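The following exercises are to be worked with the sequence and the coordinates at hand. Each task is followed by a solution in steps.

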Amino acid sequence: MLPLVNGSSSTLDPLAPELLMDLHVKYIQALDTKKNDLEYWLTEHLRVNGIYWGITALQILGHPEALDQEQIVEYLVKCQHENGGFGGHIDHDTHILSTLSAVQVLITYDRLDAINVDKVVDYVVSLQNEDGSFSGDSWGETDTRFIFCAINCLSLLKRLDDKRLDLPKTIDYIVRCRNFDGGFGSSPGGESHAAQVYVCVGTLTILNALHHIDADQLGWWLSERQLKNGGLNGRPEKLEDVCYSWWVLSSLSMMRRVHWIDAPKLTLFILEAQDTETGGIADRPGNLPDVFHTNFGIAGLSLLGYPGLVAVDPVYCMPRHVIQRIGLDKH
Ligand code: GRG
Ligand code: ZN
C-alpha cells in the first residue's frame, strides 16, 4: 500500500495488463519503414525529435541495440548547420528543440566527437535575450520551453560556464513566470500548465536554484492533476493525457514528492493506453499510438519504478546511467 497525500491508497490490480515491452520495441523499429503513411511526411520537421523519443524509449526498455546507432549518428551530423544548430530534418532551419534532441541522442551514444560542439554552444548562447530568456530560433519567439532546452543543452555539454551567458537573469525570468497557485506558465503572466512546470522546475534544478519554488504548494497543484481514472491532466478542467505522466511525475521527482500521486492508478492508466496489436502508447486509452506518448508513457513508468525498466533521470529524460556517466546525476 502506498500512503498518499490525500489519505487514500491503492495497489496495482494483479489482473492489470502488463507493459508489452517487446511489442513496443517492434513498434519503434517499424517507425522509419512507414514511408507510405501521410503521417510520416507530415511529421518530417519532427524527425530529430522523433529519434530522441524513440531511442530514449528503447534505452529505458533495455534495448539500445534495436536501432542502427551508426546510421542515426550519420543522419544527425547532416542536420547540423553552419551556425552550429540542428534542424528537425536535413535542410530544415535550425531550432533549439531539434538541437537539444540531437545533443541528447549523441550523448546517449557517447558520440559527441561526431559533431562540432563549440559551434553548438555558439548557437545556443546566441539565442539568449536581454531579459535572460532564450528564443527558440533566429525568428525570436520565446517560451519557457526554449529556456529549458538551452540550459539543458549547455548543461549536457558542460558549457554553462560560458562567459557570454547571464544565468542570474535566466533564473529571474523563470521566477517571473511563477503564478499564485505555485505553478508556471510559458511567459510571465501565462497560465500554469504541467508541462511548463516541468521545464521551469528542470531549469531551476540544473541551475541549482530550486529554493525559488514552494515545493509543498506546487506539489499540491501537481497532485491535483490526477483524475478519477488515474490519468493526469495538464491544468484544471482539461482531459487526462499519458504525456503528463512525465511532465507531472518528473517535476514531483525533482521535488522528491512522487509519492503524492496514486502510482498504481496512474500505472494502470498508462498500461491501458497501449496498443495491444501494433505496440506503442497513445495519449489515452482507445486512441492511436505515437512515438511521443510511447516515450513519455514508458519514462513515466520508469519513474514509478515499473519492474524491468532502466531508470530514467527526471531532469534530462535520458537514462540515469548516461547522466551518471557524464557526472551530472543530482538524484
Ligand atoms: C523532455 C528533455 C525534454 C525536453 C523537452 C520541449 C520540451 C522540452 C518540453 C515541452 C513542454 C511542453 C510545453 C509540452 C506540451 C505538452 C502538451 C500536451 C501540450 C498540449 O497543450 P494543450 O493546451 O493541452 O493542447 P491541454 O492538455 O492543456 O488541453
Ligand atoms: Zn500528450
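**Exercise 1: Geometry of the zinc site**

Task: In this predicted model, classify the arrangement of the four donor atoms around the zinc ion (ligand 2) from the angles that they subtend.

Solution.
1. The four donor atoms subtend angles of 56 to 117 degrees at the zinc ion (ligand 2).
2. Four donors count as tetrahedral if all angles lie between 85 and 135 degrees, and square planar geometry requires opposite donors over 155 degrees apart.
3. The angles of 56 to 117 degrees therefore make the arrangement irregular.
4. The protein donors behind these angles are two OD entries of Asp241, the SG of Cys243 and the NE2 of His293, at 2.1 to 2.5 Å from the ion.

**Exercise 2: Donors in sequence and their burial**

Task: State how the donor residues of the zinc ion (ligand 2) are spaced in sequence, and decide whether aspartate 241 is buried or exposed.

Solution.
1. The spacing of the donor residues is D-x1-C-x49-H.
2. Aspartate 241 and histidine 293 link distant parts of the chain, being 52 residues apart. Aspartate 241 lies in the loop between helix 10 (215-223) and helix 11 (243-254), whereas histidine 293 belongs to helix 13 (residues 291-303).
3. Buried means under 20% relative accessible area. Aspartate 241 has 13% and is therefore buried.
4. Histidine 293, with a relative accessible area of 10%, is buried as well.

**Exercise 3: Surroundings of ligand 1**

Task: Identify which residues come nearest to ligand 1, and find the distances of the polar contacts that histidine 193, arginine 235 and tyrosine 244 make with it.

Solution.
1. There are 19 residues around ligand 1, of which Gln104, His193, Ala195, Arg235 and Tyr244 come nearest.
2. For arginine 235, a polar side-chain atom is 2.6 Å from an oxygen atom of the ligand.
3. For tyrosine 244, a side-chain N or O atom is 2.7 Å from a ligand oxygen; for histidine 193, the corresponding distance is 3.2 Å.
4. On its own, ligand 1 has 750 Å² of accessible area, and the protein covers 73% of this.

**Exercise 4: The setting of serine 250**

Task: Determine whether serine 250 is buried or exposed, and which backbone oxygen its side chain reaches at 2.6 Å.

Solution.
1. Serine 250 is located in helix 11.
2. Its relative accessible area is 0%, so serine 250 is buried.
3. The side chain of serine 250 reaches the backbone oxygen of tryptophan 246 at 2.6 Å. A polar atom of that side chain also lies 3.4 Å from the backbone oxygen of tryptophan 247.
4. Beyond its neighbours within four places in sequence, serine 250 is in contact with Tyr198, Ser245, Leu303 and Pro314.

Definitions and conventions
Residues numbered from 1 in each chain as written. Chains lettered and ligands numbered in written order. Predicted model: local features only at pLDDT ≥ 70, side-chain atom pairs only at ≥ 80, totals over all residues. Heavy atoms only, no water. Donors = N, O, S within 2.8 Å, 3.2 Å for Na, K, Ca; no water. Tetrahedral: all angles 85-135°; square planar, octahedral: opposite > 155°, others 65-115°. Helix = DSSP H or I, 4+ residues; strand = E, 2+ residues; numbered from the N terminus. Buried < 20%, exposed > 50% of the residue type's maximum accessible area, 1.4 Å probe, protein only. Near = heavy atom within 4 Å. Polar contact = N/O pair within 3.5 Å; in protein donor to acceptor, adjacent residues only side chain to side chain. Areas by Shrake-Rupley, 256 points an atom, 1.4 Å probe, with all protein chains shown as cover. Contact = heavy atoms within 4.5 Å.
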